[in-house]
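Trainee: I have a new structure to read. Please show me how to go about it.

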Amino acid sequence: MFFGIEAGGTKFNCAVGHGTEIVEELRVPTTSPAETLGTCKAFFERAADRHGQPEGLGIATFGPIDLESGTIGATPKRGWPGTNIVAPFKSFGCPIAIETDVTGAAIGEANHGAGVGVDPVVYLTVGTGIGGGAIVGGRPLRGDPHPEMGHILISRRIDDVFEGTCPHHDSCLEGLACGPAISQRWGKPSHALGDDLDAAIDLEADYLAQGIAAIVAVLAPRRIIVGGGVMEVPGLLEATRERLFQKLNRYPGAAAHTDPASFLVPPGLGGRAGMVGALVMAAGSS
Ligand SMILES: [Zn+2]
């Protein structure tokens, strides 16, 4: 039996199981580190009483994160910078694997979802933030500390006067195209755009296609899986796909000889990619 944690900015999803077979799970609100991690640990202690000690534990977490130590970096989430999210779980005595939330989702999709048998494969989420994880040569792509695909610099469209949400960059993908950027630009959230729907999709698809084109140029993936709440806007995935292939203009690599509909795809695991990925990581760590 394995333990998995998908650690997000609003909630921690804890799961007990193996791959897609989840026997118990708990959703814990992200409040203070002590409260959230304490509730997660208590859940796993009860699970260990029922199912036995875990063979491994996987954590797919928000960042920035030092993947060697498990210490959270400079996040705006109050109380979390400097928190070690591995330490509370060392008492289980099992191997612990840790990756970013998006890399965890990429691992889940690569093993059980839309990325099975496809390598390199990228998972990109477009929601409260934008981030991406990649599996290259069967291994999660790391760096120092990890890729930040949401901060690819893109060109602001000349008619877009919204200043962006990123405190670091004037015009990065996340700053111009994340959920809060849509809400602030149009004065309404992505699921309620009303009369602005077509214009919003047109702009959003352009920005996403710019960012994805950069990912294609650098990683030459065979498939890109795009998830997150913003991608639930009807027609956005199709518009992004069309814009992406226009920009790539049949070059480079896979984009030239792959059917667009099988190159840019929705997640096979829906919103469960990260949790499944954490359980896959747990199994791989043991
Ligand atoms: Zn940025």
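Mentor: We go from the whole chain down to single residues.

Mentor: Keep in mind that this is a predicted model.

Trainee: How many helices and strands does the chain have?

Mentor: There are 9 helices and 12 strands. Then look at the overall spread. The radius of gyration is 19 Å, close to the 19 Å that the globule rule gives for 286 residues, so the chain is as compact as a globular protein of that length. Its C-alpha atoms fill a box of roughly 55 × 40 × 35 Å along the principal axes. Buried residues account for 46% of the 286.

Trainee: What share of the contacts joins residues at least 24 apart?

Mentor: Count contacts between residues at least 6 apart in sequence; 65% of them join residues at least 24 apart.

Trainee: Which domains are assigned?

Mentor: Domain 1 takes 2-104 + 271-285, and domain 2 takes 116-266. So domain 1 is written as two segments. Their C-alpha centres lie 26 Å apart. At the contact, domain 1 gives 11 residues and domain 2 gives 11 residues.

Trainee: Which elements supply the domain 1 side of that contact?

Mentor: β5 (65-66), β7 (96-100) and α2 (101-112) each supply at least two residues. By type, that side divides into 5 nonpolar, 4 polar and 2 charged residues.

Trainee: Now the sheets. In what order do the strands β1, β2, β3, β4 and β7 lie?

Mentor: Read a sheet from edge to edge. Here the order is β3-β2-β1-β4-β7, in an open sheet with mixed pairing. β3 (21-29) and β7 are the edges, each with a single partner strand, so one side of each has no neighbour in the sheet. From one strand to the next, the twist averages 15°.

Trainee: Is β7 enclosed or open to the outside?

Mentor: Test it by burial. 5 of the 5 residues of β7 are buried, so the strand is largely enclosed by the rest of the structure. Its partner is β4 (residues 56-61), paired in the parallel sense over 5 bridges. Gly58 stands opposite Ala97, and Ile59 opposite Ile98.

Trainee: Which helices pack on this sheet?

Mentor: Look for contacts, then for the angle. α1 (residues 33-51) lies across β1 (2-7), β2 (11-18) and β3, at about 15° to β2. α2 touches β1, β4 and β7, and makes about 105° with β7.

Trainee: What is the order of the other sheet, with β8 to β12?

Mentor: That open sheet of 5 strands runs β10-β9-β8-β11-β12, again with mixed pairing. The edge strands are β10 (139-140) and β12 (264-265), each pairing on one side only. Inside the sheet, β8 (residues 121-126) and β9 (residues 130-136) pair in the antiparallel sense over 6 bridges. Tyr123 stands opposite Gly133 in β9. α2 packs here too, touching β8, β9, β10 and β11 (223-227) at about 50° to β9.

Trainee: Let me try one residue. Where is Val216 found, and is it buried or exposed?

Mentor: Val216 is found in helix α5 (residues 197-219). Count the neighbours: 20 or more other C-beta atoms within 10 Å make a residue buried. Val216 has 23, so it is buried.

Trainee: Which residues does Val216 touch, beyond those up to four places away?

Mentor: Pro221, Leu248 and Ala255. Take Leu248: it is 32 residues from Val216 along the chain, yet their C-alpha atoms are separated by 8.9 Å.

How values were computed: Residues are numbered from 1 along each chain as its sequence is written. This is a predicted model: local features need pLDDT of at least 70, side-chain atom pairs count only at pLDDT 80 or more; totals for chains, interfaces and linings use all residues. Helices (H or I, at least four residues) and strands (E, at least two) are DSSP runs, numbered from the N terminus. The radius of gyration is taken over C-alpha atoms; the globule rule is 2.2 Å times the number of residues to the power 0.38. A residue is buried if 20 or more other C-beta atoms lie within 10 Å of its own, exposed if 12 or fewer, and partly exposed in between; C-beta atoms are placed from the backbone. Two residues are in contact if their C-beta atoms, placed from the backbone, lie within 7 Å. Domain bounds come from an automatic or database domain assignment. Ala, Val, Leu, Ile, Met, Phe, Trp, Tyr, Cys and Pro count as nonpolar, Asp, Glu, Lys and Arg as charged, and the others, Gly among them, as polar. Two strands pair if DSSP finds at least two bridges between them. Axes are lines fitted to C-alpha atoms, for helices over the stretch in contact, and angles run from 0 to 180 degrees between N-to-C directions.
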